[in-house]
Amino acid sequence: MTDPQHIDVSIAFLEIPNTGVFLELMEYHSPVGKTNFERKKTNDIGGIGHICLKVKKIDEAFDYIKKHNGTTLINNSPEYKPYKIDKITAENFIFFDEEYEKDKNLKEKTCKIVGNIKYFYFIDKYGIQWEFEEGHNDIGND
């Protein structure tokens with residue numbers, strides 16, 4: 001498992017107008033993963049790498065997924081469970097938007113939100129990685 005101190009990731013949120021749907025776009029700078037990209041045709045199956053859904057009662061969702069045939073948790077350790085993100089400080093958080101980066105209150109608020117997130121990952125029978133996430137109400141509707 002990667003040491004959290006060595007993770008560098010950029011995250012952007014894209015809201016699809018009038019749908020209540022938000023896409024979380026992530027790019028890992030460290031650790032570096034596979035960098036190959038294959039453009040698929042509309043009738044090609046598979047190839048989606050990761051889908052994240054906001055859930056309520058994440059511990060109940062975890063227990064359900066753990067028992068569900070056709071899913072595999074990304075870690076088979078008996079200790080694996082929904083993970084709570086460590087507290088983060090404004091000094092360790094960077095907005096790429098210069099105006100946001102200058103706003104100390106916004107940075108503090110964002111760090112507080114991030115520090116309340118819990119999540120876990122699993123793989124479905126088609127090889128797609130899913131993430132269930134709970135702990136913030138800043139994106140999307142409850």
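## A partly exposed tyrosine to start

Y100 has a relative accessibility of 44%, which makes this tyrosine partly exposed. On the scale used here, buried stands for under 20% relative accessible area, exposed for over 50%, and partly exposed for the range in between, with a 1.4 Å probe and protein chains only.

Some ground rules before we go on: this is a predicted model, where local features need pLDDT of at least 70, side-chain atom pairs count only at pLDDT 80 or more, and totals for chains, interfaces and linings use all residues. Residues are numbered from 1 along each chain as its sequence is written, and side-chain values rest on heavy atoms, with hydrogens and water left out.

## Aromatic pairs

A pair of aromatic rings is described by the distance of the centres and the angle of the planes. Here, rings of Phe, Tyr and Trp (its six-membered ring) pair if their centres lie within 6.5 Å; planes under 30 degrees apart are called stacked, those over 60 edge-to-face, and the rest tilted. That rule yields 10 aromatic pairs. One of them joins Y83 and Y119 edge-to-face, with 5.5 Å between the centres and 70 degrees between the planes. Because Y83 sits in strand β5 (residues 83-84) and Y119 in strand β6 (residues 118-123), this pair ties together parts that are 36 residues apart in sequence. (Helices, H or I with at least four residues, and strands, E with at least two, are DSSP runs numbered from the N terminus.) Y83 is partly exposed at 36% relative accessibility, whereas Y119 is buried at 18%.

The rings of F95 and Y100 are also edge-to-face, since their centres are 5.5 Å apart and their planes stand at 70 degrees. F95 is buried, with 17% relative accessibility. Elsewhere, F62, Y80, F120, F122, W130 and F132 come together as one aromatic cluster.

## The nonpolar core

Which residues touch the most other members of the largest nonpolar core? Among its 15 residues, they are F62, I65, L73, Y80, F120, F122 and F132. At least two residues of this core come from each of α1 (58-67), β6 and β7 (129-134). A nonpolar core here is a set of buried Ala, Val, Leu, Ile, Met, Phe, Trp, Tyr and Cys residues joined through side-chain atoms within 4.5 Å.

Y80 is a handy residue to click on: leaving aside residues up to four places away in sequence, Y80 touches F62, L73, I74, N75, F120 and Y121. Contact means heavy atoms within 4.5 Å.

## A nonpolar patch on the surface

I7, I11, F13, F22, M26 and Y28 make a nonpolar surface patch of about 530 Å². Two or more of its residues come from each of β1 (8-16) and β2 (21-30), and β2 gives the most, with three residues. Patches are built from residues with over 30% relative accessible area and no salt bridge, joining like charges within 9 Å and nonpolar side chains (Val, Leu, Ile, Met, Phe, Trp, Tyr) within 5 Å. The areas come from the Shrake-Rupley method with a 1.4 Å probe, and for residues only the protein chains shown count as cover.

Within the patch, I7 belongs to the segment before β1 and is partly exposed at 38%. F22 lies in strand β2 and is partly exposed at 30%. F22 and L53 are 31 residues apart in sequence, with 9.7 Å between their C-alpha atoms.

## Salt bridges

How many salt bridges does a search of the whole structure find? There are three, each being a side-chain nitrogen of Lys or Arg within 4 Å of a carboxyl oxygen of Asp or Glu. D59 and K118 form one of them, at 3.4 Å from N to O. With D59 in helix α1 and K118 in strand β6, the pair ties together parts 59 residues apart in sequence. D59 is partly exposed at 41%, and K118 is partly exposed at 21%.

E99 and K102 form a salt bridge with their closest N and O atoms 3.8 Å apart. These two are about one helical turn apart, because they are three residues apart in helix α2 (residues 98-102). E99 and K102 are both exposed. K107 and E101 also form a salt bridge, with closest N and O atoms 2.6 Å apart; K107 is buried at 8%, while E101 is partly exposed at 27%.

## Backbone points to check

Most residues other than glycine have a negative phi, and most peptide bonds are trans. The bond from S30 to P31 is cis, with omega near 0 degrees, and P31 lies in the loop between β2 and β3 (50-54). K57 is not a glycine, yet has a positive phi, near 55 degrees. K57 is in the loop between β3 and α1 and is exposed at 55%.
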